[in-house]
Amino acid sequence: MIYTYLITAGIVLVSTLIQGHQSFDVIRIAGVKPDLIFIITVYMGYSFGSFNGEVTGFGGGLLHDSISNSPLGLMALPKLAIGFLAGMFGRSVLKSNIATIILMIFVATILKGIITLFLSYIFHQGMLTSIIDVIIPEAFYNAILSPMLFFIYDKIFQGELEREGYL
Amino acid sequence: MEFLIRHKSIVTFIFCTLFCIISLSVQGSGFTLTFEGIISGIFSPFQKGYNAMQGGTSRFWAGFSELDRVRDDLKLTRAKLETYEGLDEDLNEIRNENLRLRSLLGMKERLRYESIPAFVISKDPDNWFRTVIINRGSNDGITVNMPVVAYQGETKAVIGKIVEVRGSLSRIQPVISPDVRIGVKVGESKYPGLLTGYAFNSNLCKVDYITRAAQIKFGDPIVTSGQAGVFPPGFVIGTVVKTELPESSPYQKIIVRPVIDYNLIEEVFIIKKNPDKDLFELFEEMQ
């Protein structure tokens with residue numbers, strides 16, 4: 001399990017670098033970037049249960065907040081919640097195939113966006129236009145990328161998944 | 001203890017949720033900033049390390065691939081330099097005339113500010129908040145609320161202000177962020193207004209509270225008013241691209257395209273000017 005934690009931390013760090021570094025601005029389409037930290041959060045919840053999902057989401061979200069202008073916790077809380085929820089369904093309920101992954105990431109991103117917007121309204125400054133400008137485009141982008149990323153993560157965590165009996 | 005272990009996912013969820021809610025509630029307090037600072041401090045070496053590696057590789061590669069381009073640029077620069085040398089004499093004459101006229105009119109000499117160059121090492125990691133992190137911090141004498149400018153070609157324009165400073169890193173809040181508030185003047189008649197970012201993932205700004213009677217046209221410049229004490233007056237921000245006259249509002253709204261393309265910002269200059277304390281405090285109170 002230590003191996004899983006270390007690899008997850010590595011993936012979260014690399015994802016944060018990709019999202020934060022300006023040389024990766026080319027991945028921005030229609031003004032939005034994919035949320036790679038969020039995708040690994042959902043993957044961890046989906047594959048290894050609520051605990052792993054929420055810890056990845058919380059840790060990744062705090063990193064995200066630390067390099068963003070967002071107040072600490074605004075990006076961490078939605079990721080934590082979705083990581084927890086993804087773990088409640090998991091591979092035993094939602095079978096792993098491309099359609100399921102795309103749909104799951106799309107719905108999860110919409111949910112994350114709604115939670116972020118809600119928190120922004122309460123604690124910061126919310127704009128309803130972000131549903132059209134941010135949430136929906138990001139959901140499409142995350143959903144399109146997710147099968148490829150899930151495939152890569154499946155390869156990385158192959159040993160662990162075999163032990164859990166998923167592969 | 002057994003209960004905690006058995007229900008560790010729910011316990012962790014509740015604990016982390018509480019942490020986030022408390023942190024969001026006390027945002028801006030020392031506690032939040034200190035904690036965020038610790039995380040940022042741990043993570044910043046990775047960012048800087050990656051930046052150094054990427055910069056080094058780019059420079060190494062440029063040594064081979066861009067030699068011809070550099071040679072051409074050198075020729076062009078020399079030609080420009082000759083032109084500018086010719087202009088120097090004219091410029092001195094205009095400067096002296098300007099000084100003489102200013103003294104005749106009894107105007108104070110315009111303040112010149114020292115500026116520090118910096119490189120962008122990170123930009124917004126998400127689609128909600130606009131962030132620019134640069135490689136200069138308190139070690140270089142940078143403090144919060146210093147204005148930041150950049151050049152696009154030969155045009156200098158405001159891109160934001162410093163909102164957070166660490167040892168060798170600072171965070172900029174760009175003018176396109178919906179969180180920013182800058183007092184501006186619009187057009188040749190200098191109608192006053194308040195500039196903010198247009199939307200979370202837009203590269204445009206908007207100016208509110210412009211009187212309906214103001215005659216504003218496409219391309220009119222937007223400059224800082226200097227009224228909040230952060231930005232010096234007369235710094236260019238952008239140009240008008242659209243005006244809106246909502247029937248329900250006593251004001252008109254202007255959509256502004258910043259002079260500096262946010263996606264192209266690589267090098268910035270921090271103006272070493274601390275906010276005018278009284279003005280700044282008054283503005284903060286009003287907000």
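Two strands pair if DSSP finds at least two bridges between them. With that in hand, welcome to a set of close-up views of this predicted model.

**View 1. Strands E8 and E11 of chain B pair side by side.** Strand E8 of chain B covers residues 205–211, and strand E11 of chain B covers residues 251–258. The two pair in the antiparallel sense, over 5 bridges. To find one of these bridges, look for Ile210(B), whose partner in E11(B) is Gln252(B).

**View 2. A closed barrel of 6 strands appears in chain B.** Follow the strands around in the order E6-E7-E8-E11-E10-E9, and you will find antiparallel pairing. From one strand to the next, the twist averages 40 degrees. The E8 and E11 strands of View 1 sit next to each other in this order.

**View 3. Strands E3 and E4 of chain B form a hairpin.** Here strand E3 (residues 147–152) and strand E4 (residues 155–165) of chain B run antiparallel, joined by 6 bridges. There are 2 residues between the strands, and Gly153(B) in the turn has a positive phi of about 65 degrees. Beside the turn, look for Gln152(B), which stands opposite Thr155(B) in E4(B).

**View 4. E4(B) also forms a hairpin with E5(B).** This hairpin has 4 residues between its strands. E4(B) and E5(B) pair in the antiparallel sense over 5 bridges. A good place to start is Ile162(B), whose bridge partner in E5(B) is Ile172(B).

**View 5. Helix H3 of chain A meets helix H2 of chain B.** H3(A) spans residues 50–67 and H2(B) spans residues 8–25; their axes come within 8 Å and cross at roughly 20 degrees. Because of that angle, H3(A) is roughly parallel to H2(B). The crossing of H3(A) past H2(B) is left-handed. On the H3(A) side, the contact is made by Ser50(A), Phe51(A), Glu54(A), Val55(A) and Phe58(A). H2(B) brings Lys8(B), Ser9(B), Thr12(B), Phe13(B) and Cys16(B). Sorted by class, this contact has 5 nonpolar, 3 polar and 2 charged residues.

**View 6. Chain B touches chain A.** How many residues of chain B are in contact with chain A? The count is 42 residues of chain B, in contact with 48 residues of chain A. On the chain B side, the elements that give two or more residues are H2, helix H3 (30–65), strand E1 (115–123) and strand E5 (170–174). H3(B) gives the most, with 10 residues. By class, this side of chain B has 17 nonpolar, 17 polar and 8 charged residues.

**View 7. Helices H5 and H6 of chain A pack together.** H5(A) runs over residues 98–123 and H6(A) over residues 130–156. Their axes are 8 Å apart and the packing angle is about 145 degrees. H5(A) passes H6(A) in a right-handed crossing. Among the H5(A) residues that make the contact are Ile98(A), Ile105(A), Phe106(A) and Gly113(A). The residues from H6(A) include Val134(A), Glu138(A), Asn142(A) and Phe150(A). The contact has 13 nonpolar, 5 polar and 1 charged residues.

**View 8. Chain B is divided into domains.** Domain 1 covers 2–63, domain 2 covers 66–105 and domain 3 covers 117–287. The C-alpha centres of domain 2 and domain 3 of chain B lie 28 Å apart.

Technical notes. Residues numbered from 1 in each chain as written. Chains lettered and ligands numbered in written order. Predicted model: local features only at pLDDT ≥ 70, side-chain atom pairs only at ≥ 80, totals over all residues. Axes fitted to C-alpha atoms, helices over the stretch in contact; angles between N-to-C directions. Parallel < 35°, antiparallel > 145°, perpendicular 65-115°, else oblique. Left-handed = near helix turned anticlockwise from the far one by under 90°. Contact = placed C-beta atoms within 7 Å. Nonpolar A, V, L, I, M, F, W, Y, C, P; charged D, E, K, R; others polar. Domains from an automatic or database assignment.
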